[in-house]
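Biologist: Please take a close look at the ligand site in this model. I would like the surroundings first, then the contacts.

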Amino acid sequence: MRKQKVHIKSFGCQMNKLDTEMVTAAFARAGFELIDSYEDSDIVLINTCSVREHAETKVFSHLGRLKHLKKSNPELVVGVIGCMAQRLGSELLNHDVVDIVCGPAQIPQIVDMVREAIGTKQKKIRVKEKIREKNSDAETQALENFESVYDKGDKRIPGQAFVRAMRGCNNFCTYCIVPYVRGPEISRPHQAIIDQIKRLADEGTKLVTLLGQTVNSYEYKAGDKTYCLADLLEMASEVDGIEWVRFVTSYPTQKYFEQIMNTMADIENVCNYLHMPAQSGSDRILKAMNRHYTSGEYLGLIDKARTIVPDISIAGDFIVGFPSETEEDFQQSVELVKKAQYRNAFVFKYSPRPGTTSEKRLADDIDAETKKRRNVELLAVQEKISEKLSEEFLNKKVKILVEGLSKKPHLNKADHQGNPQLIGRTAEDYIVVFNGPTELAGNFTTVKITKTSPLTLFGEMI
Ligand code: 5AD
Ligand code: SF4
């Protein structure tokens, strides 16, 4: 019998990318063929993100494109998985082209759902009815089994893997949809995480990134001991074959902070990289966001990080145009960006998410143009800082893990030995572009930096 062809399109954060890899691996194990284009597929799955409205609009326009495909191939099965599936549930199922809706907690059932949909030609939905209710032991076990059998995905960057440390979030920042679509915070058993890292290392993984919405609040109690992120980092760094360990994303809090930074300083394999969103520099806005710190406390953590790990590279996230944000509030974000000296900052325009506290209680009163202007201005401030930090690398040698071919080879053609342009990253997450043989993908190499731009370093292999 001909293998059924599945195409999976993925939107959103690392957590979603990891889910996509797991789903891809599950379909491959079940005998399906994974293909890159949706045109020739029997099944199209879309793994969706709800964090901003724009992410959801993109999914709807993708569904629109699939309409034509379904007209020419009525047998096509279309499934929507991930955060939008949980958020919109039956509303999505009513969409003309959608046959399957499956939330993040039901993801272990996705292969069976697809098989049923092919067999019965009936629409299927599985989402959690009460998302803030703790998963049953059976659900947690199913997720754990799905997670731990997953090992090597085809799509992954060679030599690298993401491993989930935690699911969900309990923080309820007022703008954020995550607690309503990913459910309550739960830390995976430390042993399951480490066993998974060992398997990944056996398959050639050198860099593992531990994932969690607030990964620094990882806590798992086993017997008399409570394992925290610092323990996980130490154990992961001791796994044979693992040369670099990273973690994202950190919530700005004192708890475990020093311990995690000390681990970073003491253990060479733990990358000197911290992604710790501030969201705003205004204490009034931070309070309205239900973030449990002031800008002063946030900067205190940054100082502490730099004292313990002097060459740490720090990245942050900001939201501009949060309800009632005045020019003065915004300038405080500008000030914070200047003081924090991030290696990189991600800036987002506030997008009210249905059902969140800020959407329900606060008017989205900053007009689109002001949001855009503040976004551009904050990025420009950061760009200057990034430029200066990048320049410090000129003529220095850096160790990088090579990812593969650069996506923009036209910028710099093959060198005189015919080597194409490759891309790699330093432990501190600086992108490095250089010419080298493609076989280097997934391996470490050393590059001397000859040119810099705010977000990219350019160099020559030595
Ligand atoms: N609007 C805009 N940005 C948001 N983020 C989360 N929710 C929203 C929202 N409603 C941003 C935050 C977070 C990042 C992943 O997305 O900055 O850190
Ligand atoms: Fe959303 Fe806040 Fe949780 Fe991050 S910490 S996922 S911003 S609620």
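Modeller: A polar contact here is a pair of N or O atoms within 3.5 Å. Keep in mind that the model is predicted.

Start with the shell. Ligand 1 is surrounded by Val51, Arg52, Tyr175, Gln279, Asp317, Ile319, Phe348, Lys349, Tyr350, Ser351 and Arg353. Sorted by class, that shell has 5 nonpolar, 2 polar and 4 charged residues. Two strands supply at least two shell residues each: β15, spanning 313-320, and β16, spanning 344-349.

Now the polar contacts. On the side of Arg52, an N or O atom of the side chain lies 2.9 Å from an oxygen atom of ligand 1. The side chain of Gln279 also offers an N or O atom, 2.6 Å from an oxygen atom of the ligand. With Ser351 the partner is a polar backbone atom, and it sits 2.7 Å from a nitrogen atom of ligand 1. On its own, ligand 1 has 410 Å² of accessible area, and the protein covers 86% of this.

The nonpolar cores give the wider setting. The largest has 81 residues. Among those with the most contacts inside this core are Ile197, Leu229, Phe247, Met261 and Tyr342. Take Phe247. Neighbours within four places in sequence aside, Phe247 is in contact with Thr209, Leu210, Val215, Leu229, Leu233, Ile260, Met264, Tyr273 and Leu274. A second core is separate and has 28 residues, including Phe27, Val77, Phe162 and Tyr273. Tyr273 thus appears twice: as a contact of Phe247 and as a member of the second core.

Notes: Residues numbered from 1 in each chain as written. Chains lettered and ligands numbered in written order. Predicted model: local features only at pLDDT ≥ 70, side-chain atom pairs only at ≥ 80, totals over all residues. Heavy atoms only, no water. Core = buried A, V, L, I, M, F, W, Y, C linked by side-chain atoms within 4.5 Å. Buried < 20%, exposed > 50% of the residue type's maximum accessible area, 1.4 Å probe, protein only. Contact = heavy atoms within 4.5 Å. Near = heavy atom within 4 Å. Polar contact = N/O pair within 3.5 Å; in protein donor to acceptor, adjacent residues only side chain to side chain. Areas by Shrake-Rupley, 256 points an atom, 1.4 Å probe, with all protein chains shown as cover. Helix = DSSP H or I, 4+ residues; strand = E, 2+ residues; numbered from the N terminus. Nonpolar A, V, L, I, M, F, W, Y, C, P; charged D, E, K, R; others polar.
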